[in-house]
Amino acid sequence: MTLLELARKLPATVAAVHADEAIAHRLRLCGVWPGRPIEILRVAPMGGPLHVRIGAAEFLLRRDMAAQVEVA
């Protein structure tokens, strides 16, 4: 399942990132890489970004980028 399909407040682990190198690099800078715990805290309405937590860091992630992150 992708991060975009993950339910709010349900802890998961990043399994893989299926993106081109530029987007994968941006995600790695945010701490998104396989094995890291990830959780969606809030979802913006009308196609807005996802508020996610990875470890102690929280940030907003666009939906198109979240769709490229596989979680388990």
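In this predicted model, five strands form an open sheet in the order β4-β3-β2-β1-β5, with antiparallel pairing; strands, like helices, are taken as DSSP runs numbered from the N terminus (E, at least two residues, for strands; H or I, at least four, for helices), and two strands count as paired if DSSP finds at least two bridges between them. Strands β4 (57–61) and β5 (69–71) stand at the edges with a single partner strand each, so one side of each is left without a neighbour in the sheet. From one strand to the next the twist averages 45 degrees, where axes are lines fitted to C-alpha atoms (for helices over the stretch in contact) and angles between N-to-C directions run from 0 to 180 degrees. Local features were considered at pLDDT of at least 70 and side-chain atom pairs only at pLDDT 80 or more, whereas totals for chains, interfaces and linings use all residues. Residues are numbered from 1 along each chain as its sequence is written, and side-chain values use heavy atoms, with hydrogens and water left out.

At one edge, β5 runs antiparallel to strand β1 (residues 12–17), to which three bridges join it, and E70 in β5 is the bridge partner of A16. At the other edge, β4 pairs with strand β3 (residues 50–54) in the antiparallel sense over five bridges, one of the bridge pairs being R53 with E58 in β4. Strands β3 and β4 form a hairpin with two residues between them, and G55 in the turn has a positive phi of about 65 degrees.

Side chains of opposite charge can pair when their charged atoms come close. With a salt bridge defined as a side-chain nitrogen of Lys or Arg within 4 Å of a carboxyl oxygen of Asp or Glu, the count comes to four. Among them, R53 forms a salt bridge with E39, the closest N and O atoms being 3.5 Å apart; this pair links distant parts of the chain, R53 lying in strand β3 and E39 in strand β2 (residues 37–43), 14 residues apart. R53 also forms a salt bridge with E58, with 3.3 Å between the closest N and O atoms, and E39, R53 and E58 are thereby linked in a network of salt bridges.

In terms of relative accessible area (buried under 20%, exposed over 50%, partly exposed in between; 1.4 Å probe, protein chains only), E39 is buried at 17%, whereas R53 is partly exposed at 30% and E58 is partly exposed at 42%. A further salt bridge joins the side chains of R28 and E21 at 2.7 Å, N to O; here R28 is partly exposed, at 37%, and E21 is exposed, at 53%.
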